[in-house]
Amino acid sequence: MFTCVGYSSTSPEAPLKPVSFERRDCGPTDVQIDILYCGVCHSDLHQARNEWQNTMYPCVPGHEIVGKISKVGSAVTKFKVGDLAGVGCLVDSCRDCPSCAEGLENYCEKGQTFTYNSEDKVSGGITFGGYSAAVVVDEAFTLRIPDNLDLAAVAPLLCAGITTYSPLKHWKVGPGQKVGIVGLGGLGHMAVKLAHAMGAHTVLFTTSPDKVADAKALGADEVVLSKNPDEMAAHANSFDFILDAVAAPHDINAYLNLLKRDATLCQVGAPDKPLATNVFSLIFKRRNFAGSLIGGIAETQEMLDFCGQHGITADIEMIRMDAIEDAFARMVKSDVKYRFVIDMKTLPTAA
Ligand code: NAP
Ligand code: ZN
Ligand code: ZN
């Protein structure tokens, strides 16, 4: 074991602060990554504040990790010391159930190990995430980073990128389709870039009038102010697919009514309160209301390679580690343009 410094929350109300904790040494198939940048996902905020009622404290968030390999286990084949590597929301799974066999470790039927706030099946205790100096992960759950992309702006691809790429691929988004993205935050802005790159006519729904110009620059063909009923009504029954990335309770029926017959609204945003469905929105046009959880490891690599080919990264605002509470406060106000990324050089060397 070795001592690692990070930032943790210790209760729903307590601000994040420096902490020391133990990580396992590199096993034969593990790599140790010195973390250079970590993206700030709204899930980090939900979890630090126990909004999903399942937080185990102390909680070290962070699952958009990029860094440099500093150690490799004796059996590691994918990386050598000095290579860049990424880690997303998963660090392990059973590797045996039908979902794992299909490469869908994100849906592991025996319980996937998330990068933080999960039972650590290798070293015991709970997993600690990327708001820290280093992480030790089995090479099977690490990702290769395309070398043509800005490293800090790649970090958000590890969660926001794959969480939007996976449903866009699953529902076969492409040319000739009209696709809606709801909410221009970290996930939403990646969804706009990816849906545009996949060739769909991309429509962004926002509650923030000041984001309209940005949304068009990011790749949206049209932008709808969702608080304006006339603008919403103009799109009734017209969408092939809608991806909802909103972090707070909101009216999903307003979006279900915009789907064509048989089309799907997929929820990736995870508000802490249930979203009420008016069943008639579904019944009358045989519409589908679905969900999607991050993505498997092979698909995450596919997404990173796609982003490398298309020159896609996140639009980021770099912050110091000690500015995390300000970043969380701005996130709650939808004031994110469009992903905070922590520069890990600013982490203290001792807690
Ligand atoms: P974010 O950067 O904070 O963006 C959320 C966006 O939602 C805001 O920027 C805002 O966009 C919109 N919004 C916020 N409050 C709203 C309200 N009251 N009404 C309508 N729109 C509102 O968050 P994120 O990191 O993208 O994460 C979004 C959600 O996805 C979170 O709940 C997160 O936990 C979840 N998530 C799920 C998965 C998964 O696997 N399913 C993975 C990662 C994250 P506008 O200003 O444009 O309206
Ligand atoms: Zn996330
Ligand atoms: Zn499994």
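**The zinc site and the open sheet**

Modeller: In this predicted model, the zinc ion (ligand 2) has as protein donors C41 (SG), H63 (NE2) and C159 (SG), at 2.0 to 2.2 Å. Residues count from 1 along each chain as its sequence is written, local features need pLDDT of at least 70, and side-chain atom pairs count only at pLDDT 80 or more.

Colleague: What makes C41, H63 and C159 donors of the zinc ion (ligand 2)?

Modeller: Donors are N, O and S atoms within 2.8 Å of the metal (3.2 Å for Na, K and Ca). The SG and NE2 atoms lie 2.0 to 2.2 Å from the zinc ion, so they qualify. Water is not among the atoms, so sites may look incomplete.

Colleague: Why does the pair H63 and C159 tie together parts that are 96 residues apart in sequence?

Modeller: H63 sits in the loop between α1 (42–48) and β4 (65–72), while C159 is in the loop between α3 (151–154) and α4, so the pair joins parts 96 residues apart in sequence. The donor spacing is C-x21-H-x95-C.

Colleague: Are H63 and C159 buried or exposed?

Modeller: Both H63 and C159 are buried (under 20% relative accessible area with a 1.4 Å probe, protein chains only; exposed is over 50%, partly exposed in between).

Colleague: How do you know that β9 and β10 pair?

Modeller: Strands (E, at least two residues) are DSSP runs, and two strands pair if DSSP finds at least two bridges between them. Strands β9 (178–182) and β10 (201–206) have five bridges, in the parallel sense, so they pass. In one of them, V179 partners T202 of β10.

Technical notes: Chains are lettered from A and ligands numbered from 1 in the order in which they are written. Side-chain values use heavy atoms; hydrogens and water are left out. Helices (H or I, at least four residues) and strands (E, at least two) are DSSP runs, numbered from the N terminus.
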